[in-house]
Amino acid sequence: MASLLHPCPAAYFALSSIVLLLLPTTVTASQGDKEPVYRDCVKQCVRTNCTGARLRGFQSIQPRYMALTGWTCRDDCRYQCMWTTVGLYQAEGYSVPQFHGKWPFARFLCFEEPASALASLLNGLACLLMLLRYRSAVPRQSPMYHTITAFSLVSLNAWFWSTVFHTRDTYLTEKMDYFCASAVILYSIYLCCVRTLGLRRPGVSSVVGVLLILVFTSHVSYLTFVSFDYGYNMAANATIGMVNLLWWLCWCWQNRRTLPYWWKCGAVVVLLHGLALLELLDFPPLLWVLDAHAVWHLSTVPVHFLFYSFLIDDSLHLLNTEKAGVKLE
């Protein structure tokens with residue numbers, strides 16, 4: 001779900017949208033769940049196991065963690081019938097199909113996509129670790145301290161919901177994953193505005209902040225109450241994300257001779273562009289666990305360390321500049 005701070009988490013989620021624009025966006029049905037054998041299997045399983053005494057028996061032996069994460073008898077039927085269908089495909093020499101817009105994954109405990117859930121968790125932990133390092137290395141008086149701290153919390157929230165979504169894909173967790181990713185992208189525009197314009201013209205960043213809140217409210221309202229359009233959501237996030245990336249690349253170019261750490265920001269942007277190409281591989285999960293999306297998630301974990309190194313350097317530079325009485329750039 002993914003799923004993009006300055007250029008780091010913000011670019012990550014934005015690039016996810018850009019890459020996904022190149023992939024099919026309709027996820028209501030896939031080849032596997034269209035198969036009559038799959039549908040008949042689910043109907044028969046539900047009819048046999050999900051009513052009366054059989055249902056009570058299922059609920060009595062179901063592990064507590066499965067019940068707490070919302071796994072129902074019908075969900076279990078779909079899971080079992082998915083593997084029955086996959087087995088038939090492989091026996092006939094056909095390629096593995098997708099089901100409901102996703103590859104078949106081997107469930108681990110209550111985790112639907114174990115590798116992606118773990119990767120999202122690792123990204124969140126890396127973000128948290130580096131936020132704590134940032135707060136210990138940078139005094140609160142630094143001009144960007146509070147803005148970066150707030151943005152880090154928004155990013156942590158996005159990684160939390162990405163982990164939850166990959167653990168259990170439901171109507172709610174899918175929406176929270178998408179909406180929180182959009183929040184990170186929009187906040188990254190605000191962060192970029194504050195760093196490049198707002199330090200000299202606070203009124204500009206305030207106006208931009210209000211506009212971005214209105215954009216986010218409109219975006220979420222449309223997806224919630226009008227139509228959850230995957231194509232629109234991806235296009236909107238990709239457009240805003242590209243604005244953010246180009247803005248930061250321009251800043252890097254303008255400051256390449258005056259700020260010795262500018263390359264860290266540029267490297268993060270370039271790395272995320274390159275790593276995003278992993279998503280295009282889109283292969284069936286290795287060992288039914290590790291797919292291209294999980295590999296992509298895992299590959300972005302180290303980027304947080306470089307990104308926060310840039311943030312620390314820049315925040316300390318701004319603080320020293322302010323103490324010296326020099327006009328902030």
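Which residue lies over the face of W71, at 4.2 Å from the ring centre? In this predicted model, that residue is R168. The ring of W71 also has the charged end of R107 sitting over it, at 4.6 Å from its centre, and a reader new to the structure can begin with this tryptophan before turning to the pairs that rings form with one another.

Of such aromatic pairs, the count comes to 16. One of them joins F160 and W161, whose centres are 5.3 Å apart and whose planes stand at 80 degrees, an arrangement that is edge-to-face. The two residues can also be described by their accessibility: F160 counts as partly exposed because its relative accessibility is 48%, while W161, at 17% relative accessibility, counts as buried.

Another pair is made by Y261 and F310, with ring centres 5.9 Å apart and planes at 55 degrees, so this pair is tilted. Y261 belongs to the loop between α11 (230-254) and α12 (262-276), whereas F310 belongs to helix α14 (residues 303-323), and the pair therefore ties together parts that lie 49 residues apart in sequence. Y261 is buried, since its relative accessible area is 8%, and F310 is likewise buried, with a relative accessible area of 0%.

The pair of Y261 and F310 can also be placed in a wider setting, for ring pairs link both residues with W248 and W251 into a cluster. Looking back at the start, the reader may set this cluster of rings beside W71, where the neighbours described were the arginines R107 and R168.

Terms used. Residues numbered from 1 in each chain as written. Predicted model: local features only at pLDDT ≥ 70, side-chain atom pairs only at ≥ 80, totals over all residues. Heavy atoms only, no water. Phe/Tyr/Trp six-rings, centres within 6.5 Å; stacked < 30°, edge-to-face > 60°. Buried < 20%, exposed > 50% of the residue type's maximum accessible area, 1.4 Å probe, protein only. Helix = DSSP H or I, 4+ residues; strand = E, 2+ residues; numbered from the N terminus. Lys NZ or Arg CZ within 6 Å of the ring centre and 35° of its normal.
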